[in-house]
Amino acid sequence: MANQNTQVKSEAAKYTAEKVSYAKGLEGVILCDSQVSFVDGLAGKLFYRDIPIQELAENSTYEETAYLLLFGKLPKRQELEDFKAQLKANRNIPNEILEIIQKYPKHAHPMEALRSIVSLLGMYDTDDELHTPEANARIAIKLIAKFPTAVAAFERFRQGKDYVAPEDNLDHSANFLHMFRGPIPSDLDVRAMDACLILHADHEMNVSTISCRVVISSLSDMYSAICAGVGSLKGPLHGGANEEVMKTLEEIGSLENTEKWVKDSLAKHFKIPGFGHRVYKYYDPRAAILKNFAEEYAKIKKEISEKLQMTELIEKLMVESLGESKGIYPNVDLYSGLIYSTMDIPKDQFTPIFAIARVAGWCAQILEQLADNRIYRPRCHYTGTLDKPYIPIDKR
Ligand SMILES: CC(C)(COP(=O)(O)OP(=O)(O)OC[C@H]1O[C@@H](n2cnc3c(N)ncnc32)[C@H](O)[C@@H]1OP(=O)(O)O)[C@@H](O)C(=O)NCCC(=O)NCCS
């Protein structure tokens, strides 16, 4: 109890004043020190651990990139071999969980299924409660290894097909496509999937990464933090945008309808999926790399060439209309959906594939958060009126 003579201070005025300026959506706010990745939005550049994304997309593999993100350096040959062996050894998910996945409703969104599987995996992992850097690094490897298995298992079961077990002779991307679709994938499919996974592996302080950091900042466990990441990625303003791009292309229907559709949408101030970004005010470098793969597919698969032409026309019209004036350019989602649908991947599985990639970044960011943690606890601008009396229920 405060001494009666003590002057009680209040900070209510500071937070309830009519005009309190703050960064809505945390725009421009620096959240933490980080060395994991950096986006130079004006130059249209992305770096993982200082290395430009183009160099990784051209020369690296998903496994090597995941190692880089997690451990902060490119692995030596033996380190990479060991890391790949650990990933392979951790691909299986417990049979009890597979049995549960089989019972999931077939109509559930695959992101809901993935979120639930991550939660189940946490209950089966005794490393979960150790809270040591070593145990957390092991969990990171397990999560990266198991995400493709989880996504593929739900897909097989909801289609009424048999589960395809992980194949040790295949690397990460090839194994995922094999578990998901059945046959051994083509070289182009493997290269394109690996590039997609590399390009989506991390992206600085995006909303799902912040979600992971916020959850782990209470010293919760890694599985809880990753569940938050999956839940956050599910939204159409974040990971769900490539699904929206494909729905948009289907809605437009043909190349000849495209120009009118874009003009009408802009007149209605509709936010066209696959464009715009909080940080990039120029071309997202990942979009250009993915466009190259879409062009490679279009040469051998006629069915995507019209969709590619439509996408290119939308890009041209959008950049002409909003590029200079509002900094609206293509983002990573514009071409990724086209690539996935060429691989016969259903639209609602695009975001889970994003999660398969991003789990490496989430884990790296969580480990970094834990190494220099302070619990997140911001304030709000309170827009209510304080000190209202309590009205008894029969007088309301
Ligand atoms: C990514 C996104 C959520 C960023 O949101 P944000 O930083 O809050 O930007 P805003 O929504 O405030 O947009 C700023 C301006 O650009 C316009 N704009 C932004 N994205 C646009 C888009 N995709 N199509 C048309 N106009 C767009 C907004 O209408 C707004 O115009 P105004 O200033 O006249 O009101 C937003 O660009 C968007 O919804 N894009 C489509 C979804 C998408 O592709 N998401 C994937 C991101 S990787």
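**A small sheet, three helix pairs and a ligand shell**

Lys45 in β2 is the bridge partner of Asp40. This pair offers a point of entry into the structure, which is a predicted model. The strand that contains Lys45, β2, spans residues 45-48 and pairs with β1 in the antiparallel sense, over four bridges. The two strands belong to an open sheet of three, arranged in the order β1-β2-β3 with antiparallel pairing. At its edges lie β1 (37-40) and β3 (51-52), each of which pairs on one side only.

From the sheet, the description turns to the packing of helices. Two packed helices are described by the angle between their axes and the distance between the axes. Three pairs are considered here in turn.

In the pair formed by helix α3 (residues 62-71) and helix α17 (residues 350-371), the axes are 8 Å apart and the packing angle is about 15°. Because angles under 35 degrees count as roughly parallel, α3 is roughly parallel to α17. Their crossing is right-handed. On the α3 side the contact is made by Ala66, Leu69 and Leu70, and on the α17 side by Ala360, Gly361, Cys363, Ala364 and Leu367. By class, seven residues of this contact are nonpolar and one is polar, with no charged residue.

Helix α7 (residues 133-158) and helix α8 (residues 172-181) also have axes that cross at roughly 15°, and these come within 8 Å. It is this angle that makes α7 roughly parallel to α8. The crossing of α7 and α8 is right-handed. Pro148, Thr149, Ala152 and Glu155 of α7 make the contact with His172, Asn175, Phe176, Met179 and Phe180 of α8. The residues of this contact divide into five nonpolar, three polar and one charged.

The third pair consists of helix α13 (residues 255-267) and helix α15 (residues 302-326), whose axes cross at roughly 35° and come within 9 Å. Here too the crossing is right-handed, as α13 passes α15. The residues of α13 that take part are Leu255, Thr258, Glu259, Val262 and Leu266. In α15 they meet Glu306, Gln309, Met310, Leu313, Ile314, Leu317, Met318 and Ser321. The contact of α13 with α15 comprises eight nonpolar, three polar and two charged residues.

There remains the ligand and its surroundings. Which residues are the closest to the ligand? They are Ala241, Lys271, Phe275, Gly276 and Arg278, within a set of 18 residues that surround the ligand. By class, the shell around the ligand has eight nonpolar, six polar and four charged residues.

Notes:
Residues numbered from 1 in each chain as written. Predicted model: local features only at pLDDT ≥ 70, side-chain atom pairs only at ≥ 80, totals over all residues. Axes fitted to C-alpha atoms, helices over the stretch in contact; angles between N-to-C directions. Left-handed = near helix turned anticlockwise from the far one by under 90°. Contact = placed C-beta atoms within 7 Å. Nonpolar A, V, L, I, M, F, W, Y, C, P; charged D, E, K, R; others polar. Pairing = 2+ DSSP bridges. Parallel < 35°, antiparallel > 145°, perpendicular 65-115°, else oblique. Near = placed C-beta within 6 Å.
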